[in-house]
Amino acid sequence: MATARDDPDDRATTGRPPSVDALARSLADVGLPFAICVDIAREAIAAGEPESAAARALAFRRTLLMPVVNATGVLLHTNLGRAPIGARQPERSMNVELDLATGERGSRQRAVGQLLAKLCGAEAAMVVNNNAAAVMLVLAALAFDRGVAVSRGESVEIGGAFRVPDVMEQSGATLVDVGTTNRTRVADYAAAIERGRRPGGSPVALTMKVHPSNFRVEGFVESTSVAELAALDVPVVADIGSGLIDANCPWLSGPPPAWLAGEPGARQNLEAGAALVTFSGDKLFGGPQAGIIAGHRDLVERCARHPLARALRPGGMVLAALQATAMSYLDRTVTRDVAFWRMVATPVDVLRQRAAELCASTTGATLEKSTAMPGAGSAPGATMPSVAVVIDGDHLAHFRDRAVPIIGRVRDGRTLLDLRSVHPDDDVLLGAALAAR
Ligand SMILES: *Cc1c(COP(=O)(O)O)cnc(C)c1O
């Protein structure tokens with residue numbers, strides 16, 4: 001019980017600042033652990049603003065991870081965790097590294113590796129924490145102290161800290177720049193390999209193709225295909241990044257959507273002769289954050305045996321979610337069970353119907369055509385038709401402040417809630433937020 005002396009409201013009568021303890025206890029309703037409330041109370045008192053403690057506590061609570069509604073129309077929104085996944089697991093141990101047949105220690109990579117290999121048409125596959133880690137591991141395991149030939153046009157930066165020259169340096173491999181920014185021919189790679197074989201040269205262990213995910217070069221450009229590189233006698237590694245398993249999208253009922261044109265598929269790259277492909281689990285694959293290495297068995301095994309593999313290995317939760325995603329592909333239930341592809345496959349008429357219902361129950365809201373995007377740096381310039389509920393004014397902060405925050409976008413002073421990236425069950429949340437503005 002707070003005594004009269006501890007009561008934060010007591011300050012008005014005594015003129016003394018409240019005790020940290022009393023102020024912290026007054027924050028109980030915010031729903032934060034008491035130890036955190038004590039820190040917040042201390043900060044507020046130190047700042048000479050004890051009355052700000054409640055606002056500080058609420059602000060802190062909003063920094064916790066929580067479910068949000070993605071109404072941006074960017075389906076794989078990096079700030080919102082890319083592909084939404086609904087993995088829910090019982091509170092049980094898992095046979096992460098136990099072989100149930102023998103009772104001996106097993107490999108955490110075995111099952112998910114087999115499923116992923118099957119999907120991409122590879123001999124073998126393994127999983128690490130993200131694609132940056134996959135590239136790093138491949139380079140460290142297969143090209144340490146040796147050269148990797150990369151076109152100057154593909155020595156790219158893909159969002160923040162993933163820059164090809166930097167990853168190369170950290171892996172212990174040496175970047176061998178070939179060709180020019182706009183044109184690189186197979187002869188350029190062949191010459192680099194040849195130079196590396198001369199006395200005193202640095203041998204080229206790999207050629208690498210990097211998908212320039214988030215930009216496009218147009219005009220006088222020429223690049224070398226994986227098939228051409230595969231004719232040279234060093235293994236080709238293709239960092240396809242985006243995680244499209246098969247460019248033919250056999251899991252869709254129709255042909256691949258137009259916005260996927262030119263997006264490299266893991267299967268096609270391997271068929272063209274890539275020795276390995278690397279890609280993200282949480283981009284077009286639609287699974288949890290992970291990096292996948294798939295291709296020739298001997299090379300995958302060398303990656304798996306490298307000491308870095310242990311440092312980069314994912315936990316059981318990620319492996320289970322990835323396994324579930326891979327199973328959906330193999331079972332052909334992708335458009336039902338993989339959120340990203342379900343959003344892609346939703347007919348625009350269905351979105352229009354949902355938007356019409358929201359607009360009917362909201363004064364001042366209009367239904368408008370919109371364009372959604374795959375996001376996560378995949379397929380630059382790619383858009384798909386969508387529908388948005390639009391209201392005048394910038395209401396982003398109001399929507400973010402909801403118990404389940406809603407993330408929209410603002411254009412020309414109006415707020416757009418794009419329905420393609422919203423789960424239909426969440427329309428009711430949008431309706432309530434629109435009504436409460
Ligand atoms: C996205 C991407 C990466 C980085 O992948 P993460 O899973 O975010 O680490 C690397 N290379 C390419 C080509 C990419 O598109």
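**Exercise 1.** Which residues surround the ligand?

*Solution.* Keep in mind that you're looking at a predicted model. Go round the ligand and you'll meet Arg-82, Asn-130, Asn-131, Ala-132, Ile-158, Phe-162, His-211, Ser-213, Asp-239, Gly-241, Ser-280 and Lys-283. Now sort this shell by type: three residues are nonpolar, six are polar and three are charged.

**Exercise 2.** Find where oxygen atoms of the ligand meet N or O atoms of Asn-131, Ser-280 and Lys-283.

*Solution.* Start with the backbone: an N or O atom of Asn-131 sits 2.9 Å from a ligand oxygen. Next, try the side chains. Ser-280 has a polar side-chain atom 2.7 Å from an oxygen of the ligand. For Lys-283, an N or O atom of the side chain is 2.7 Å from a ligand oxygen. Then look at the surface: the ligand by itself exposes 380 Å², and the protein buries 93% of that. Last, check which elements supply two or more residues to the shell: they are α6 (131–143) and β7 (236–241).

**Exercise 3.** Is Ala-230 buried, partly exposed or exposed?

*Solution.* First, locate Ala-230: you'll find this residue in helix α9, which covers residues 226–230. Second, take its relative accessibility, 30%. Buried means under 20% and exposed means over 50%, so Ala-230 counts as partly exposed. Third, look for its partners, skipping neighbours within four places in sequence: Ala-230 is in contact with Val-236, Ala-272 and Gly-273. Finally, hop 189 residues along the chain to Leu-419, where the C-alpha atom is 43 Å from that of Ala-230.

Terms used. Residues numbered from 1 in each chain as written. Predicted model: local features only at pLDDT ≥ 70, side-chain atom pairs only at ≥ 80, totals over all residues. Heavy atoms only, no water. Near = heavy atom within 4 Å. Polar contact = N/O pair within 3.5 Å; in protein donor to acceptor, adjacent residues only side chain to side chain. Areas by Shrake-Rupley, 256 points an atom, 1.4 Å probe, with all protein chains shown as cover. Helix = DSSP H or I, 4+ residues; strand = E, 2+ residues; numbered from the N terminus. Nonpolar A, V, L, I, M, F, W, Y, C, P; charged D, E, K, R; others polar. Buried < 20%, exposed > 50% of the residue type's maximum accessible area, 1.4 Å probe, protein only. Contact = heavy atoms within 4.5 Å.
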